[in-house]
Amino acid sequence: MAAIAALLALLVVALCAARADAAIGVNWGTLSSHRAPPAVVVGLMRANRIGKVKLFDADPGVLRALAGSGIQVMVGVTNAELASLAGSQAAADAWVAQNVSRYVGRGGVDIRYVAVGNEPFLTSYQGQFQSYIIPAMTNIQQSLVKANLASYVKLVVPCNADAYQSASVPSQGVFRTELTQIMTQLAAFLSSSGAPFVVNIYPFLSLYQSSDFPQDYAFFEGSTHPVVDGPNVYYNAFDGNFDTLVSALGKIGYGQLPVAIGEIGWPTDGAPSANLTAARAFNQGLISHITSNKGTPLRPGIPPADVYLFSLLDEEHKSILPGNFERHWGIFSFDGQAKYPLNLGLGNSVLKNAKEVPYLPSRWCVANPARNLDSVSDHMKLACSMADCTTLYYGGSCYGIGEKGNISYAFNSYYQQQKQDPKSCDFDGLGMITYLDPSMGDCRFLVGVDDSKSSAVVSCTGCCGVFCGMWVLALWVFMYLRMMGSA
């Protein structure tokens with residue numbers, strides 16, 4: 001029996017190693033009316049060897065699709081749920097039972113983290129969620145203990161980088177005054193449970209929001225405007241921002257706490273600096289920087305615990321209050337088609353496209369050339385208030401396609417959002433359905449996805465690969481050795 005135990009132990013070690021290789025993960029948001037079936041998206045991640053995914057909620061269809069995939073998952077407690085979870089242990093027990101316990105186990109979902117809120121300390125929230133975080137974490141942790149999951153599933157709180165600041169250089173980093181106490185409590189909680197501090201860093205926003213921000217400092221090719229901080233020199237915004245957080249953590253006594261990057265990326269549309277070339281340069285530079293294990297000046301040789309690219313797919317229902325670019329962060333378009341060549345450092349030299357996407361028929365809605373379009377403005381407003389027209393504006397890939405092109409684009413966006421309902425292309429006779437693709441140059445007129453065919457079930461067969469295979473092998477060896485021992 002000792003030989004059996006030793007062999008099984010080796011198999012488990014090999015299994016765990018096979019499941020924990022990938023350092024680069026992705027965020028999978030679902031704010032879209034063109035949602036590819038969850039099974040298709042899981043297949044897309046597996047084809048690209050993506051081993052970690054961060055969700056913003058605990059959507060049952062998404063989680064069922066992830067079952068047996070071997071992908072490590074971070075599920076999310078939404079900000080709207082924080083108050084009830086903070087105020088009731090029973091509510092926390094029910095949340096864990098519904099969104100964690102029911103999915104974990106052999107052949108289930110490999111849930112590693114629960115994100116308690118999403119950027120709950122944002123300045124714009126004016127402290128709305130601040131008092132709920134620690135009580136909610138305490139209750140959820142107790143629920144995980146009851147479910148015998150606390151040693152495996154860790155709690156984290158994705159924070160926006162506006163939680164900390166510096167007067168000039170990274171070594172002067174401090175948390176915002178009103179957050180010092182709760183950040184100390186949060187860091188103590190994370191340290192005691194072995195979880196990382198999760199932060200979202202966006203050099204793109206620094207460039208977008210300030211005309212004085214050096215453009216080359218946002219990327220990873222070196223800068224003519226480095227930041228000199230005593231003996232340390234910073235040549236990119238990511239390292240500077242990261243070490244500002246490290247300094248802030250040090251000032252509250254947790255300078256060695258592991259840090260994970262919850263969101264980071266570059267949009268491809270919706271602003272002059274948001275384009276395919278810039279997005280590829282940033283993301284490829286980031287991946288090379290992370291996988292080189294260089295670390296940062298304050299943490300040399302120590303890369304972040306995890307890095308989740310934002311985002312896997314475009315989401316055309318995201319709020320555009322920060323800017324039109326908000327709907328264009330995906331490394332893939334809404335239908336899982338790669339926007340540009342990218343080596344994720346996970347074994348494939350380029351991105352692979354999604355397969356078996358259930359598109360609607362190849363037809364589009366455009367402006368009727370036989371009609372006078374002088375009265376089209378109200379129809380345009382309706383279409384663009386419901387569907388996504390952000391690419392038509394300055395900095396967008398469809399900017400400058402002309403008045404009729406703008407009208408056709410708006411009509412088609414609405415038509416596809418309405419799942420090609422013929423009535424949605426009427427516009428008082430100003431629209432017409434065509435079977436000729438009206439796309440022009442870089443301006444793509446989309447065809448929607450038929451989400452009525454969505455299937456969220458992914459079986460282990462042909463899907464979980466090494467993960468299932470190792471368990472089968474372990475079971476077979478165990479039974480074989482038992483028989484040999486009995487002979």
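Let me start with one contact: the backbone oxygen of Gly262 sits 2.9 Å from a polar atom in the side chain of Asn27. That side chain also reaches the backbone oxygen of Tyr308, at 3.3 Å. Both are polar contacts, meaning a pair of N or O atoms within 3.5 Å; within protein, one must be able to donate a hydrogen and the other to accept it, and residues adjacent in sequence count only if both atoms are side-chain atoms.

Before I go on, a word on what we are looking at. This is a predicted model, where local features need pLDDT of at least 70 and side-chain atom pairs count only at pLDDT 80 or more, while totals for chains, interfaces and linings use all residues. Residues are numbered from 1 along each chain as its sequence is written, and side-chain values use heavy atoms, with hydrogens and water left out.

Back to Asn27, then. Where does Asn27 lie? Asn27 belongs to strand β1, residues 24-28. Helices (H or I, at least four residues) and strands (E, at least two) are DSSP runs here, numbered from the N terminus. Asn27 counts as buried because its relative accessibility is 0%. Buried means under 20% relative accessible area, exposed over 50%, and partly exposed in between, with a 1.4 Å probe and protein chains only. Leaving out residues up to four places away in sequence, Asn27 touches nine partners by name: Lys54, Phe56, Gly262, Glu263, Tyr308, Leu309, Phe310, Ser311 and Leu312. Contact here means heavy atoms within 4.5 Å.

Now the rest of that strand. Five of the five residues of β1 are buried, so β1 is largely enclosed by the rest of the structure. In a regular strand the side chains alternate between the two faces of the sheet. In β1, Ile24, Val26 and Trp28 are on one side, Gly25 and Asn27 are on the other, and all are buried, which leaves both faces covered.

Who are the neighbours of β1? On the β2 side (residues 52-55), the pairing is parallel, over three bridges, and Trp28 has Leu55 as its bridge partner. Three bridges also join β1 to β15 (residues 307-309), again running parallel, and there Val26 is partnered with Leu309. Two strands pair if DSSP finds at least two bridges between them.

Zooming out, nine strands form an open sheet with parallel pairing, in the order β5-β4-β3-β2-β1-β15-β12-β9-β6. The edge strands, β5 (154-156) and β6 (159-160), each pair on one side only.

One more residue from this sheet is Val116, found in β4, residues 110-116. Val116 is buried, with a relative accessible area of 0%. Its C-alpha atom is 7.9 Å from that of Asn79, although the two are 37 residues apart along the chain. Among the residues that Val116 touches are Val77, Leu82, Ile133, Leu155 and Val157.

Let's turn to the open spaces. A pocket is an open set of points on a 1 Å grid over the protein atoms alone, with protein on both sides within 12 Å along at least five of seven lines; a cavity is a set of points where a 1.4 Å probe fits but cannot get out, and lining residues have an atom within 4 Å of a point.

The largest pocket has a volume of about 1600 Å³. It has 49 lining residues, and the closest to its centre are Glu119, Leu122, Asn160, Tyr202 and Leu205. Helix α8 gives the largest share of that lining, five residues. By class, there are 25 nonpolar, 17 polar and seven charged residues.

The second largest pocket holds about 690 Å³. Of its 31 lining residues, Asp269, Asp314, His328, Thr391 and Ser397 lie nearest its centre, and this lining divides into nine nonpolar, 13 polar and nine charged.

Finally, the cavities: how many of 30 Å³ or more does a search of the whole structure find? The search finds four. The largest has a volume of about 80 Å³, and its lining includes Trp28, the β1 residue we met earlier, along with Asp314 and Phe334.

Definitions and conventions: Points joined across faces, edges and corners; volume = space filled by probe spheres on them. Nonpolar A, V, L, I, M, F, W, Y, C, P; charged D, E, K, R; others polar.
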